[in-house]
Amino acid sequence: MANDGCIEQAAFLEKAEEYFKEANKRGIAVRLTMKRFIQPDLVEGNPEFNTSELPKFDISKESGITVDDTISQVTYDVLVRISYGVKAHKTKCSTIVKVENFDKFWQDYCSMAKSNMNGLVKKKKKKGGKAVIKNKAKKAKK
């Protein structure tokens, strides 16, 4: 497994372009994942990970907490990962995007992805609808 680690945004976009080109050649999937980046504090711990005692940091739907002024207003950076391949042959890299720069990064990523998605195949549409299914059922009964 090749891991290029956490790199700068410009280098990440260049790597992503390489990944798309290689995946198009080999006919494999490219996966992009994003999540909020929480810098781990090993000494005092992070309040985001202690949701039983500090539920105001858990803003997920499962928490059942309504949004109000007492909820943490901390903004988080975004961790973006990209990978292609499977198991031992997986290649991946990641970057951390600041909230202020995310819109520009996303526009750059989308334009790069659109220009490199030339290996997509259109799905074939099935002919007919319910009428065809009913006719087949009638023929099968005879």
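## Overall fold

Three helices and four strands make up the protein. The model is predicted. Along the sequence, the elements follow the pattern β-α-β-β-β-α-α.

Contacts can link residues that are far apart in sequence. Among contacts with a separation of 6 or more, 64% join residues 24 or more positions apart.

## Surface and burial

The protein has 142 residues, and 21% of them count as buried. The exposed area is about 11400 Å². Carbon and sulfur atoms supply 54% of that area.

## Salt bridges in helix 1

How many salt bridges does the structure hold? The count is four. Three of them are described here, starting with helix 1.

Helix 1 covers residues 9-26. Here glutamate 17 pairs with lysine 21 in a salt bridge. Their closest N and O atoms are 3.7 Å apart. Glutamate 17 and lysine 21 are four residues apart in helix 1, so about one helical turn separates them. Glutamate 17 has a relative accessible area of 29%, so it is partly exposed. Lysine 21 has a value of 46%, and it is partly exposed too.

Glutamate 22 and arginine 26 form another salt bridge, with an N to O distance of 4.0 Å. Why are these two residues about one helical turn apart? Because they sit four residues apart in helix 1. Glutamate 22 is partly exposed at 24% relative accessibility. That value is not under 20%, the limit for buried. Arginine 26 is also partly exposed, at 45% relative accessibility.

## A long-range neighbour of helix 1

Glutamate 22 belongs to helix 1. Which distance separates glutamate 22 from tyrosine 84 in space? Their C-alpha atoms are 8.8 Å apart. In sequence, glutamate 22 and tyrosine 84 are 62 residues apart.

## A salt bridge in helix 2

Helix 2 spans residues 102-116. Lysine 104 and aspartate 108 form a salt bridge in this model, with closest N and O atoms 3.0 Å apart. Both residues lie in helix 2. They are four residues apart, about one turn of the helix.

Is lysine 104 buried or exposed? Lysine 104 is exposed, because its relative accessible area is 54% and exposed means over 50%. Aspartate 108 reaches 30% relative accessibility, so it counts as partly exposed.

## Asparagine 116 and helix 1

Asparagine 116 is found in helix 2. At 6% relative accessibility, this residue counts as buried. The reason is the cut-off: buried means under 20%.

Which residues does asparagine 116 touch, leaving out those up to four places away in sequence? They are Glu17, Phe20, Lys21 and Asn24. Two names on that list are familiar. Glutamate 17 and lysine 21 are the partners in a salt bridge of helix 1. Asparagine 116 therefore touches both partners of that bridge. The two partners are partly exposed, glutamate 17 at 29% and lysine 21 at 46%, whereas asparagine 116 is buried.

Technical notes: Residues are numbered from 1 along each chain as its sequence is written. This is a predicted model: local features need pLDDT of at least 70, side-chain atom pairs count only at pLDDT 80 or more; totals for chains, interfaces and linings use all residues. Side-chain values use heavy atoms; hydrogens and water are left out. Buried means under 20% relative accessible area, exposed over 50%, partly exposed in between (1.4 Å probe, protein chains only). Contact means heavy atoms within 4.5 Å. Accessible areas come from the Shrake-Rupley method with a 1.4 Å probe; for residues, only the protein chains shown count as cover. A salt bridge is a side-chain nitrogen of Lys or Arg within 4 Å of a carboxyl oxygen of Asp or Glu.
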